[in-house]
Amino acid sequence: MESSLGSSRHSLDVWGELPQSFREGVLARSVTGARDVHDGISGSKGTWRPLRPAFVDRAHYDELGRVSARLMRLILDACRRRATTVGELQDVLGVDEAATPLLSRAELLGEHLLGAARPDIVYRSGVPWFVEFNIDGALGGTLQADLLAARFHDLYRSLPGGDRIAAPPSAVDSRFAEIRASLGLTEGSRVAIPVFRKGAAPGLEDADAFLAWLAPMCESGRRHGMETVACPMDRLETDGHDVLLLDGQRVDAVFRLFLSFDQPPSAGLDALIRAVRADRVRMHTSEATWLLSDKTTMAWLWADKESLPEADQALIERHLPWTALFSAPGAEGEELLRHALTRRAELVLKPAGGYGGGGVVLGPDVSDEEWRDALERAGREGRHILQRHVTPDRLALDFQDQETGAVEHAEVPFVLGPFLFGGAPSGVLVRHGVPGGGPVLNAHHGALMSSVLLVDRW
């Protein structure tokens, strides 16, 4: 497919193109109402909060969804050129079986694996670049994106011109519609959402707080005809036939919001593993999707690029930063190492299976010695990629300190995360920096969660 994304603009945010009277009305309401917008929303540390979301042209949002869906399909195709089953893909990637206890190695690599995704996108001169592509059911941020967009929309909708803005479709509702459709669940099917211990968003480390936070998700599941219950992991158990039970009642499906290898051992996780391996419970999504999120797949797209149709070649060149496996053997590996050493300021080093910004080394932000040490360490450990560094556009926002009420303007880096369920775009998670913040945009590293409002042209 051909892409014109970013060809007619210099930024994702069209704030500066909106009528001045509308912008003045937005800022006036934000100063008094933004605290309520952020009230009770987990996932952001610190006291700074943005006074407005990003405003995104609806046509751009729609086109971004189409490009995201195509790149996701190309990733699956790259995997299928190398493997037929999930087990074969696991072996090709070099992922330890101990890291995927919920995985069925006999599962075929099919389109059913593309049910849930959220790419990580940065912009340069208005052009979106996909620096990571998360294809997995364990995607956080849907509820935050929905709540923030809906609350900002409610704040501005009565302004003159407020009829030209809208929140994106609900990511939570899109997700539960996909859960029911993809798993073929019947009316009244029982769905469990286990609360996990490690990897929860800031503010949700306490199990009771996590359970309360998931209440709107359970309500969405019920709206879609499923008896949906959030529960501590350890309330899961199995009967003598490996049927999964919650409080003595059968569980038809599990909505997996966690990565199994990240969790400490527990009786509940063991019960889930037994039920999945015995094919006694369905799960959204199968752990096979985590393999598609491996950053190795982005290197495969670049390796296979010349054999693809011209339109797909152009798509990769325009929207996917050059990516290569760093652990390549022999002479090819030596050449890549020399390239990395001489082009530090142009590159990023990432663990192939990492997430949340862990282990990422930005070449422009470290010294030659630190870069060499990181490369040597990655060479010993294996399973890393090199990727061309994209110098990101900045988002110009006003921030308010929730403790002092002080307002400060800052231009901050940001990452856009549009959710796709069943291949269709829905809510958008934005992670961005704060005044005086660092370059790694992850909630655990001080970044803020926000969302977008869609704009129909005046």
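Colleague: Taking helix axes as lines fitted to C-alpha atoms over the stretch in contact, with angles running from 0 to 180 degrees between N-to-C directions, at what angle do helix H4 and helix H5 cross?

Modeller: In this predicted model, the axes of H4 (residues 142-156) and H5 (residues 171-183) cross at roughly 140° and come within 8 Å. Angles over 145 count as roughly antiparallel, and the crossing found here makes H4 oblique to H5.

Colleague: Which residues make that contact?

Modeller: From H4 the contact takes Thr-142, Leu-143 and Asp-146, and from H5 it takes Ala-171, Val-172 and Arg-175. Sorted by class, these residues comprise three nonpolar, one polar and two charged.

Colleague: And H2 with H11, how do those axes cross?

Modeller: The axes of H2 (residues 58-80) and H11 (residues 310-319) cross at roughly 110° and come within 11 Å. Because 65 to 115 degrees is the range for roughly perpendicular, H2 and H11 are described that way. On the H2 side the contact is made by Val-67, Arg-70, Leu-71 and Leu-74, and on the H11 side by Asp-312, Leu-315 and His-319.

Colleague: Why would positions spaced like that end up on one face of a helix?

Modeller: With 3.6 residues a turn in an α-helix, residues three or four places apart point the same way. As for the make-up of the contact between H2 and H11, its residues are four nonpolar, one polar and two charged.

Colleague: While we're on H2, is Glu-63 buried or exposed?

Modeller: Glu-63, which lies in H2, has a relative accessible area of 13% and is buried, because the cut-off for that is under 20%. Its C-alpha is 9.8 Å from that of Pro-425, although the two are 362 residues apart in sequence.

Colleague: Zooming out, how many helices and strands are there?

Modeller: The protein has 13 helices and 21 strands. Its radius of gyration is 22 Å, close to the 23 Å that the globule rule gives for 458 residues, so the protein is as compact as a globular protein of that length. The C-alpha trace spans about 65 × 60 × 40 Å along its principal axes, and 57% of the residues count as buried. Among contacts with a separation of 6 or more, residues 24 or more positions apart account for 73%.

Colleague: What about H8, what do its buried residues pack against?

Modeller: They pack against four strands, S8 (236-238), S9 (244-246), S11 (253-255) and S12 (282-284). The buried residues of H8 (residues 267-277) include Leu-269, Leu-272, Ile-273 and Val-276. In the loop between S11 and H8 sits Asp-262, which is also buried, at 14% relative accessible area; leaving aside neighbours within four places in sequence, Asp-262 is in contact with Lys-198 and Tyr-355.

Colleague: Any backbone oddities I should look at, say cis peptides? Where is the cis bond?

Modeller: The bond joining His-284 and Thr-285 is cis, with omega about -10°, and Thr-285 belongs to the loop between S12 and helix H9 (288-292).

Colleague: Which residues have a positive phi without being glycine?

Modeller: Asp-247 is one of them, with phi near 55°, and it sits in the loop between S9 and strand S10 (249-250). Arg-383 is another, at about 55°, in the loop between helix H13 (368-381) and strand S16 (384-388). Asp-247 is partly exposed, with a relative accessible area of 47%, and Arg-383 also counts as partly exposed, at 26%. Just after H8, Asp-279 takes a positive phi of about 60°.

Terms used:
Residues are numbered from 1 along each chain as its sequence is written. This is a predicted model: local features need pLDDT of at least 70, side-chain atom pairs count only at pLDDT 80 or more; totals for chains, interfaces and linings use all residues. Side-chain values use heavy atoms; hydrogens and water are left out. Helices (H or I, at least four residues) and strands (E, at least two) are DSSP runs, numbered from the N terminus. Angles under 35 degrees count as roughly parallel, over 145 as roughly antiparallel, 65 to 115 as roughly perpendicular and the rest as oblique. Contact means heavy atoms within 4.5 Å. Ala, Val, Leu, Ile, Met, Phe, Trp, Tyr, Cys and Pro count as nonpolar, Asp, Glu, Lys and Arg as charged, and the others, Gly among them, as polar. The radius of gyration is taken over C-alpha atoms; the globule rule is 2.2 Å times the number of residues to the power 0.38. Buried means under 20% relative accessible area, exposed over 50%, partly exposed in between (1.4 Å probe, protein chains only).
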